[in-house]
Structure formats: C-alpha cells, structure tokens
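Here are some notes for a colleague coming to this structure for the first time. Please read them with the sequence and the model side by side.

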Amino acid sequence: MSIRIESRENSLVKRFVRLSGDRKYRRDMQEMVCEGGKMLREALLSGIEIHDILVADDVEVSTEDLHRAQQQGAKLYNCPAALLQKISNVKTPQGIAFSCERPISGLESLYGAKRMMVLEGLQDPGNLGTIIRTADAFALDGIILCEGCVDPTSPKVVRATMGAAFRMPIASAGIEEAAAFLRRQSLPLYATALSDNSVPVTEVDLHRAAVLIGNEGRGITKKAAALSEKQIIIPMEGRAESLNASVAASIIMYEMSRK
C-alpha cells in the first residue's frame, strides 16, 4: 500500500527538499535523501535503515525492492512526476527518491582497518564521490574525512559514488583525532605533498597504511604535514605540475592494492 501525495506543500516533500539542500539539517536529523532504483537496492543490501520512499507516477520500480523496504519499516508514497522535479537537483529525475539514515560513523568503526584514505579540505563533490567509489573498487577498509571536506551525504557526492556510499565505511574526525587513532592502530600516516623530503609513492610500503589527500588547490595543511610520518609524491615525467585530487587518490589506492 502507498500513500498519495499531490501538493508541493506536503510536509514530506518539504523535508526531502531540505534534506537535499541543507547540510546542517542532514547532520541534525542524521538522515539523507537519495535518488534512483539502483541506489535503493544498494541501500537495502547494506542494511541501512530506509525511512520514506517517494515514487513518481508511471515509473517502473522493482516491486521486490519496494516490498522489502516496506517489510523493514519504510513508508511508501506515490506522486506526480513534477513533485520529484522539485526534490531532485538534476534536470532529469529518476522517478524515485528515498530518505535513509546517514552512513557516517565514528572512528571506532574503523578498528582493525589496514588500508585507508584520509581526506582534508576536499571541497569538490565529484572528487569525493569518485574517491569513495574507487576506494570501494580497490577494497580499501575505510575513509576518514577531516576538517573542511564537502558533506559525504550531499546528493551530488552520493550520486557520484554509484552506490559505494553504502558499502565503504566512512568516519568523520578532526585531523589530530584521526592521527592519534592511527597511531593507536600502529598505522603510519603518509601525506601526499611536494617537499624537499618527499619520497616516491613506489618506495613506500602502503599495504598497511593511511594516506592523506589535501585540498584541491592548497594541498595539505601545515598541521597535517606535521602529523604525518612521511610525505610522498607520485612520480611524473610529463609537464603537468599536479594531478586532480581524485586522480591522485586513485593512483595511490592502486598502489595500496598491489601485492
């Protein structure tokens, strides 16, 4: 059974709109909004709690997924397609939106992790989404987001992860707290930065380590550099001065996954 919604002033529509655009509201409510049947399936497979599902008229959605979500306590609504356009931040909505708990945890969820990325000041949603997706592809154990990072539960980031947001353990912590946690785990923290003491990434054992990627334009902060054990670089023979943050992170993660 589903509940019919037709008004743009409906409280559920307003809540979805606010979840889509308000970072503080997502954090306060410990909730986020996602779009698409694939994302719904990924959320179901992850075991995360799904709250409300809004489906546009004449949209084909897996009845099995909807039934499973309802069995787990989710409420199902249907509405005209125009209401999904109000909620969505893309030109062509996929016809289904749902709210669920934020898949962000504390550092304690990463106990026992061996290979991690630490991100500081990463601002571009596409970069963060790509890093999360790539970390999932290379079977990393987790990601720690430090000061200044874009919200990992923003619709643009979640969409760019292609479902990995529900599979990759993500924790949020200050850089000092993160560094202290890594020391307790006996995990070295290496920072990607160009300095007189930087060593090529190919000369560092990354099979049990955490690697720090900094802001797209400014790089890592002085505090982060001081907290890292080494600074590493990706050797390049071309004329480019630097790489896009997500590209650099992808190369690092490939190196971490090599046997």
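How exposed is Arg4, in terms of relative accessible area?

1. Arg4 is partly exposed, with a relative accessible area of 38%. Please keep in mind here, and throughout these notes, that the model is predicted. Arg4 takes part in a salt bridge with Glu6, in which the closest N and O atoms are 3.2 Å apart, and Glu6 for its part is exposed, with a relative accessible area of 56%.

2. The salt bridges of the model come to a count of 14, and the one just described may be set beside another, formed by Asp151 and Arg26, whose closest N and O atoms lie 2.8 Å apart. This pair links distant parts of the chain, since Asp151 is found in the loop between β7 and α7 (155–161) whereas Arg26 belongs to helix α2 (residues 23–29), the two being 125 residues apart. Both Asp151 and Arg26 are buried, that is, each has under 20% relative accessible area.

3. Asp151 also forms a salt bridge with Arg102, and here the closest N and O atoms are 3.6 Å apart. Once more the pair links distant parts of the chain, with Arg102 in the loop between β5 (96–101) and β6 (115–119) and Asp151 in the loop between β7 and α7, at a separation of 49 residues. Arg102, like Asp151, is buried. A reader following Asp151 will therefore meet both partners, Arg26 and Arg102, each at a distance within the 4 Å that defines a salt bridge.

4. Some salt bridges join up into a network, and the residues linked in this way are Lys38, Glu42, Asp136 and Arg167.

5. Turning to the aromatic rings, the count comes to two aromatic pairs. One of them is formed by Phe138 and Tyr254, which meet edge-to-face, at 6.1 Å from centre to centre and with 65° between the planes. Because Phe138 lies in the loop between α6 (125–137) and β7 (142–145) while Tyr254 lies in helix α10 (residues 245–257), the pair ties together parts that are 116 residues apart in sequence.

6. Which class of exposure do the two partners of this aromatic pair, Phe138 and Tyr254, fall into? Phe138 counts as partly exposed, at 27% relative accessibility, and Tyr254 is likewise partly exposed, with a relative accessible area of 41%. Both values lie between the 20% under which a residue is buried and the 50% over which a residue is exposed.

Technical notes: Residues numbered from 1 in each chain as written. Predicted model: local features only at pLDDT ≥ 70, side-chain atom pairs only at ≥ 80, totals over all residues. Heavy atoms only, no water. Phe/Tyr/Trp six-rings, centres within 6.5 Å; stacked < 30°, edge-to-face > 60°. Helix = DSSP H or I, 4+ residues; strand = E, 2+ residues; numbered from the N terminus. Buried < 20%, exposed > 50% of the residue type's maximum accessible area, 1.4 Å probe, protein only. Salt bridge = Lys/Arg side-chain N within 4 Å of Asp/Glu carboxyl O.
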